[in-house]
Amino acid sequence: MSSNQNILVKLKDAGFKINDKWLVQGVSLQVEKGKIVTLIGPNGSGKSTTAKIALGIYKKIEGAVEKFTNKVGYVPQKISIDWTLPLRVNDFMVLTENLKSEIIDEALSLTGVIHLKDKNLGDLSGGEFQRVLLARAISKKPDLLVLDEPVQGVDFTGEIALYELIKKISDELDCGILLISHDLHTVMSATDHVVCLNGHVCCSGSPTDVAKNEEYKALFGDQASQILSRYEHKHDHIHTDEGKIKKN
Amino acid sequence: MFDDFFIRALVAGIGVALVTGPLGCFVIWRRLSYFGDTLSHSALLGVTLAFTMEFNIALSVFIISSLIALTLIQLQKRTNLPGDALLGLLAHSSLAVGLVVIGFLTFIRFDIMGLLFGDILAVTVDDLLIIWIGGAVILLILKLIWKPLFASTVNYELAEAEGLNPDRAKAIFTILMAAIIAISIKMVGLLLITGMLIIPAAMARNISTSPQKMVIFSIIGGLLSVILGLFSSLEFNTSSGPSIITAAFLLFILSLFKIKQTIKLKN
């Protein structure tokens, strides 16, 4: 039963509602060591809610969630920090765990923001702050990383580098990652398992399986499905993907 | 050189300032000044009950303030009234009930001014023990819950997701608030305790660049306020509470000049 020991978090028929309105319902998934599970789906499909259920932030849920580790790193989609706090990047890095200075420096260097270490958190740009958030989450060397739109607001080259970093972290730390992303191109390069949400699990499986799924096509349209299949041809060339270059 | 009562007041005030410094920072960060007000207003009820039943004042205030805090949490769950309305409701109701009860206690001579604004003549050796032992316990507990409390102050969901149990830290902090009010009531008086919590911390915010610095400056500010306040209280024969708070306010105004300088430097 070695595969069972690798499970970090497991959702079974999980759902959450606010004021009788279901945000998401009937989600079953599991994240294992060294694996990347990606949640995709349109706005309001319950991706962030699912992540928060997995993290135990929402308590009154339907179904069951089992978490087998306490070493968790979280990058939330939205974070509102009250600037009545005088908080530097360095203070923020040790928010939930005390870390050695070298480890903080290493994580900040990996995400390319070491030069901001002594800056006030409130003075950072959106993209810089996002890099700090990611650095904080990985610096703890967690077993489970939950990344909700981790590269939002990050510039184009940075985005690719950070996704590569995420893949590298998953391999090196052998940690499980629950990733939420809108960028289908990049997501598919590293993902082991895709869960497509639309208030419920509309389909799930390997990226290739999901791309072929009719419900997925209906949800995202033909173009998205082409992205996935085209991606398959360019497995090692995500940097030079044509659509991306045009966008830049 | 000084009378015994003054030394006692000074030792008591220093003890209070050491504790209100760090707690006050959290009161500002978590936007709890009105919550602090509500708890301290309810302290009057605690004091009157202590007199009626010949009970220790600090303990009685601690119990009543904790009960008010629990009532507030329950009311928040069960009504649709906004938080500030509930705070006002509890603050003024408990103050009113306290004053009504005092009206019935004609057999006891009551120094109501001393109660409301603090009285340095009233500090006894027992009070010193309560302040220093109680204060040490408060600081120790605050140190233990610092990490989860601070993390959840910055962001609740991060703290919860990463397993720090912020709800427990918040509940413990509420109790600590009731405790600091209980031990500082004789010095500062129940109308001005929140001032002792927030004014030195607000001063510290103006001149700090990190949370640790803010805590240290807040303690220093509190200590200076107590020392300046008590000496002027002795000199001008004013109540100790208003004198301490006025000193704290003057320090706050001084700290504004530091901000001006920093802004100039930036530009």
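Which residue takes a positive phi just after H10(B)? In this predicted model, the residue is B:Asn237, with a phi of about 60 degrees. The helix before B:Asn237 can be checked for length. H10(B) has 26 residues, which at 1.5 Å a residue should span 38 Å. The end C-alpha atoms of H10(B) are 36 Å apart, so the two values agree.

H10(B) also takes part in the contact between the chains. This contact draws 19 residues from chain A and 19 residues from chain B. On the side of chain B, four elements give two or more residues each: helix H1 (4-29), helix H6 (125-154), helix H7 (156-161) and helix H10 (211-236). H7(B) supplies the largest share, five residues. By class, the chain B side holds 10 nonpolar, five polar and four charged residues.

H6(B) packs within its own chain as well. Its partner is helix H8 (residues 166-188) of chain B. The axes of H6(B) and H8(B) lie 9 Å apart, at an angle of about 155 degrees. The two helices are therefore roughly antiparallel, the cut-off for this class being over 145 degrees. Their crossing is left-handed. H6(B) contributes residues including B:Ile130, B:Ile131, B:Gly134, B:Gly135 and B:Ile138. Among the residues from H8(B) are B:Ala169, B:Ile172, B:Phe173 and B:Leu176. The contact of H6(B) with H8(B) has 16 nonpolar, three polar and three charged residues.

A second helix pair in chain B is formed by helix H2 (residues 33-52) and helix H4 (residues 83-104). Here the axes are 8 Å apart and the angle is about 20 degrees. H2(B) is therefore roughly parallel to H4(B), as angles under 35 degrees fall in that class. The crossing of H2(B) and H4(B) is left-handed. From H2(B), the contact includes B:Tyr34, B:Phe35, B:His41, B:Leu44 and B:Leu45. H4(B) meets them with residues including B:Leu87, B:Leu90, B:Ala91, B:Leu95 and B:Gly98. The contact of H2(B) with H4(B) comprises 12 nonpolar, six polar and two charged residues.

Chain A contains sheets. One is an open sheet of three strands, ordered E2-E1-E4, with antiparallel pairing. Strand E2 (21-32) and strand E4 (62-67) of chain A are at the edges; each has a single partner strand, so one side of each lacks a neighbour in the sheet. Neighbouring strands are turned by 15 degrees against each other on average, direction ignored. Strand E1 (residues 7-18) of chain A runs antiparallel to E2(A), and eight bridges join the two. A:Lys17 has A:Trp22 in E2(A) as its bridge partner. Helix H2 (residues 47-55) of chain A packs on this sheet and touches E1, E2 and E4 of chain A. The direction of H2(A) makes about 120 degrees with that of E1(A).

An open sheet of six strands in chain A has the order E5-E6-E7-E3-E8-E9 and mixed pairing. Its edges are strand E5 (72-75) and strand E9 (201-205) of chain A. Each edge strand has a single partner, so one side of each is left without a neighbour in the sheet. The average turn between neighbouring strands of this sheet is 10 degrees, direction ignored. Four bridges join strand E8 (residues 193-197) of chain A to E9(A), and the two run antiparallel. A:Cys196 stands opposite A:Cys203 in E9(A). Helix H5 (residues 126-139) of chain A lies across E5 and strand E6 (144-148) of chain A. H5(A) runs at about 170 degrees to E5(A).

Notes:
Residues numbered from 1 in each chain as written. Chains lettered and ligands numbered in written order. Predicted model: local features only at pLDDT ≥ 70, side-chain atom pairs only at ≥ 80, totals over all residues. Contact = placed C-beta atoms within 7 Å. Nonpolar A, V, L, I, M, F, W, Y, C, P; charged D, E, K, R; others polar. Expected span 1.5 Å × (residues − 1). Axes fitted to C-alpha atoms, helices over the stretch in contact; angles between N-to-C directions. Parallel < 35°, antiparallel > 145°, perpendicular 65-115°, else oblique. Left-handed = near helix turned anticlockwise from the far one by under 90°. Pairing = 2+ DSSP bridges.
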